[in-house]
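Okay, thanks for coming, everyone. I'll walk you through a structure that will be new to most of you, so let me put it up on the screen.

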Amino acid sequence: MPSPHDPHKPAAPAPLTPPDGQYKTPLFDAMVALAESRKVSFHTPGHKSGKGISTRFRKFVGPKIFSIDLTTLDEVDSLQKPKGVIKEAQRLAALAYGADHSYFLINGTSGGVHAMLATACRPGETVLVARNAHKSVVTGLILSGASPVYFSPAFDPKLQLAVNVSRDEVKDAIAATPEARTLLITSPNYYGLCAELRPIIEHAHKQNMTVLLDEAHGPHLRFHKGLPISGLEAGADLVVQSTHKIIGGMTQASMLHAKAGHVNLDRLAQNLRLLQTTSPSYILMASLDLARMQMATEGEKLLETAIFLAEDARKRINRIPGLQCFGHHDHPHLDVTKLTIQVRDLGLTGFQVSQRLNSEYRVQAEMADPFHVLVIISIGDRKHDIDRLVDALQHIAKDSIQSTSDRPITNPGIPPAPGQRILTPREAFLADHHPIPLHESAGKTSAEVVTIYPPGIALLVPGEVITSETIEYICRLTDFGATIDGLDEGNTMIRTVK
Ligand SMILES: Cc1ncc(COP(=O)(O)O)c(C=O)c1O
């Protein structure tokens, strides 16, 4: 059955049964077997299965976790050169996700983004980049030396958000940049808004381009038909996912998936060896092995519950006066497990509502912006968690409408268009630079990546001319309480090329 949300999406793969091997967790099993064999260890890590760890740490987390905090040994294979249980765990991940090859990442999706760019682009080569990219894309451009040409998604005045790039925007950008051989897009965006991946990727492939997808927020998409199409189903060549953000990976544990064809897999493996540590955390890697098993064997059922909880919360939030939470009727390519709650009619900013949720109701949101609070619903949520969120929002809305409805929130405006690109990000980053006051920086070339965090999307990129519109926008956002990354502590100084 095709997805009700995305006509291009094939039905979710039937839960894979034991013959497919998806119930197996080869890496985790080998780790447990090694821990239980109680060998005497004269190797790293120095805490020696927890015997040397601080007592407070051991008391809090319990002793067992330290027995599987291992190092590269024959029994548990090597991430740098997998030929045993890690190789098998990665093969099972590739099978579950529909990739030709999958790689475990232990320094987050950022590391995978860096490896994708380093593999697809040579220094100086043009890469077409959708501007709603995370900071890791900019740092990947610095590392690879590639020369970006940006195109931006539209701003939706009703949602008060930048939506994802449309197929026409991508087609126009490709037509205007015929020298680009690589396209990098981010989908879903932080708010769960997805690009129309299938037609976009088909068009890019017809132009003989390699498509790199930052799918940090989409490691679950493949496993439920009610969610938008995943990058691999849509034909992307390299896809990186934050297993830790949305499903059962531990923080920093991500995956990179590759389709052979447009990509040189030898070079990709070489880049991963260069970028990843030689001492990877086995606990993080085991969490990838187990998260894949969980998704492949019961992902559909678990996601069904998460979607049900999210849709129920959305309905209840939309009944609260002053709050709106868009759904897939407003945006057909939405990951409905993300709740973007528009709060401007309360006379409060998203930052203020997020702070009140936290300090008064002990409810922690993922992110806030001037007009919204973003909540992620996942396979870890339960009905009582949703009730806590909705009750807290009801209280805040009631108080605020009574006390502040005559104080409209000023609009920080639309993120300004990027300034002219004078240098590549790498050239600007490596050039001599110095900090100058932000208010005197108009016309200078940025040597810094300046982002609002979260979501970590770049307002300024090394090599771009700083415009007065961008300076004003940054100042308005700081007044709102946004965290700006890439300026000094007081948000007054910026590094510019000398
Ligand atoms: C779209 C996107 N890409 C990449 C990243 C980087 O992921 P990680 O934190 O796993 O390195 C993030 C993190 O927030 C993100 O939102």
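Before we start, one bit of vocabulary: when I say that two strands pair, I mean that DSSP finds at least two bridges between them. And do keep in mind that what you're looking at is a predicted model.

Right, the overall picture. We've got 15 helices and 18 strands in this protein. The C-alpha trace spans about 65 × 55 × 50 Å along the principal axes. How does the radius of gyration sit with a compact globule? Well, for 498 residues you'd expect a value near 23 Å, and the protein has 23 Å, so the two agree.

What about the inside? Buried residues make up 54% of the 498. And if you take the contacts with a separation of 6 or more, 72% of them are between residues 24 or more positions apart.

On the outside, the accessible surface comes to about 21700 Å², and carbon and sulfur atoms account for 53% of that. As for charge, there are 50 positive and 52 negative ones, and their mean positions lie 6 Å apart.

Now let's zoom in on one strand, E13, which covers residues 372–376. Four of its five residues are buried, so E13 is largely enclosed by the rest of the structure. Which strands does E13 pair with? One of them is E11, residues 338–342: the two are antiparallel, with five bridges. Within that pairing, Ile341 has Val373 of E13 as its bridge partner.

Then there's E12, residues 367–368, which also runs antiparallel to E13, joined by two bridges. Here Ala368 is the residue opposite Val373. So Val373 turns up twice: as the partner of Ile341, and across from Ala368. E12 and E13 make a hairpin, with three residues between them. A general point while we're on strands: in a regular strand, side chains alternate between the two faces of the sheet.

Last stop, a helix. Have a look at H6, residues 135–144. Is H6 mostly enclosed or open? Seven of its ten residues are buried, so H6 is largely enclosed by the rest of the structure. If you want to find them on screen, they're Ser136, Val137, Val138, Gly140, Leu141, Ile142 and Ser144. Just past the end of H6 comes Gly145, with a positive phi of about 80 degrees.

And that's my tour; happy to go back to any part of it.

Notes:
Residues numbered from 1 in each chain as written. Predicted model: local features only at pLDDT ≥ 70, side-chain atom pairs only at ≥ 80, totals over all residues. Heavy atoms only, no water. Rg over C-alpha atoms; globule rule 2.2 N^0.38 Å. Buried < 20%, exposed > 50% of the residue type's maximum accessible area, 1.4 Å probe, protein only. Contact = heavy atoms within 4.5 Å. Areas by Shrake-Rupley, 256 points an atom, 1.4 Å probe, with all protein chains shown as cover. Lys, Arg positive; Asp, Glu negative; His and termini not counted. Charge placed at Lys NZ, Arg CZ, Asp CG, Glu CD.
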